[in-house]
Amino acid sequence: MSKKSWVFLFLIGFVLSCSQKKEDEELKRLVKAQLQNTHTNEEWFAPTSVALEGLTYEQAIWKDTTTNHSIAELTSHIAFWNEMNLRSFKGLEIPDQEVVNEDTFQTPTEEEWLKTLKRLDSIQSEWEVSVEKSNDIKTKEWSEEIINMSAHTGYHLGQIVYLRKHKGWWK
């Protein structure tokens, strides 16, 4: 092969690798943005930092007469699944037991409610840091799961905001 051919192949490889790097950086940026949009960035909907702000314990545990969940139950459910996904993402041990989804909607005591709020905030912050530190391969492998988890969080945030507005507890 001639010297020109080698140079041409090198340039093609270089251009393709730069293009892939930009795509990987963009994917990481999008995944992180989705996590931030459900945590602290108020974009299309209220993130947890806004949706849960200023709630009293009595408001958080209020339920109507149907099988609908309280805000506290929705919050514990979000925290549970976001934490399970985070543990898996970080390669940490996950309890080897079948999870009944309905059991993740827990009503905390007043003391536990404050801990649940801090725990959820911590989990969401840890997700953002973990994605930022992850390599491109891991980000790509997990991108669909993280975006689905963010959509799941957003869905339940809509329920929380609806309850607050319905009861007159929204700013």
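Helices here are DSSP runs of at least four residues, numbered from the N terminus. Keep in mind as you look around that this is a predicted model.

Let's start at T116, which sits in helix α5, the stretch covering residues 110-133. Is T116 buried or exposed? Its relative accessibility comes to 9%, and buried means under 20%, so T116 counts as buried. As for what surrounds T116, set aside the neighbours within four places in sequence, and the contacts left are T75, S76 and P108.

Stay with helix α5 and move along to W127, because W127 in α5 and F89 in helix α4 (residues 71-89) tie together parts that are 38 residues apart in sequence. A pair of aromatic rings is described by the distance of the centres and the angle of the planes. For F89 and W127 those values are 5.0 Å centre to centre and 45 degrees between the planes, which makes the pair tilted. Both partners, F89 and W127, are buried.

F89 has another aromatic partner to look at, W142. Here the geometry is edge-to-face, with 5.3 Å from centre to centre and 85 degrees between the planes. This pair also links distant parts of the chain, with F89 in helix α4 and W142 in helix α6, 53 residues apart. W142 is buried, as is F89. Put the pieces together and you get one aromatic cluster made of F89, W127 and W142. Across the whole structure there are five aromatic pairs.

F89 has a charged visitor, too: K138 lies over the face of the F89 ring, 4.5 Å from its centre. If you'd like another example of that arrangement, go to W170, where K171 lies over the ring face at 5.6 Å from the ring centre.

Now for the empty space inside. How many cavities of 30 Å³ or more are there? The count comes to one, and about 40 Å³ of space lies in it. You've already met one of its lining residues, W127; the others are L35, T38, N82, Q124, E128, M149, S150 and T153. Helices α1 (3-39), α5 and α6 (136-167) are the elements that each give two or more residues to this lining. Sorted by class, the cavity lining has five polar residues, three nonpolar ones and one charged.

Besides the cavity, there are pockets to look at, and the largest pocket has a volume of about 160 Å³. Which residues line the largest pocket? You'll find W62, D64, N68, H69 and L74 there, together with Q159, Y162, L163 and H166. Helix α6 makes the largest contribution to that lining, with four residues. By class, the pocket lining splits into four nonpolar, four polar and one charged.

Since α6 keeps coming up, let's finish on that helix with E144, which has its place there. Is E144 buried or exposed? Its relative accessible area is 61%, and the cut-off for exposed is over 50%, so E144 is exposed. One last thing to check on your display is V31: along the chain V31 and E144 are 113 residues apart, while their C-alpha atoms are separated by 8.8 Å.

Terms used. Residues numbered from 1 in each chain as written. Predicted model: local features only at pLDDT ≥ 70, side-chain atom pairs only at ≥ 80, totals over all residues. Heavy atoms only, no water. Buried < 20%, exposed > 50% of the residue type's maximum accessible area, 1.4 Å probe, protein only. Contact = heavy atoms within 4.5 Å. 1 Å grid on protein atoms, 1.4 Å probe; cavity = no way out; pocket = protein on both sides within 12 Å on 5 of 7 lines; lining within 4 Å. Points joined across faces, edges and corners; volume = space filled by probe spheres on them. Nonpolar A, V, L, I, M, F, W, Y, C, P; charged D, E, K, R; others polar. Phe/Tyr/Trp six-rings, centres within 6.5 Å; stacked < 30°, edge-to-face > 60°. Lys NZ or Arg CZ within 6 Å of the ring centre and 35° of its normal.
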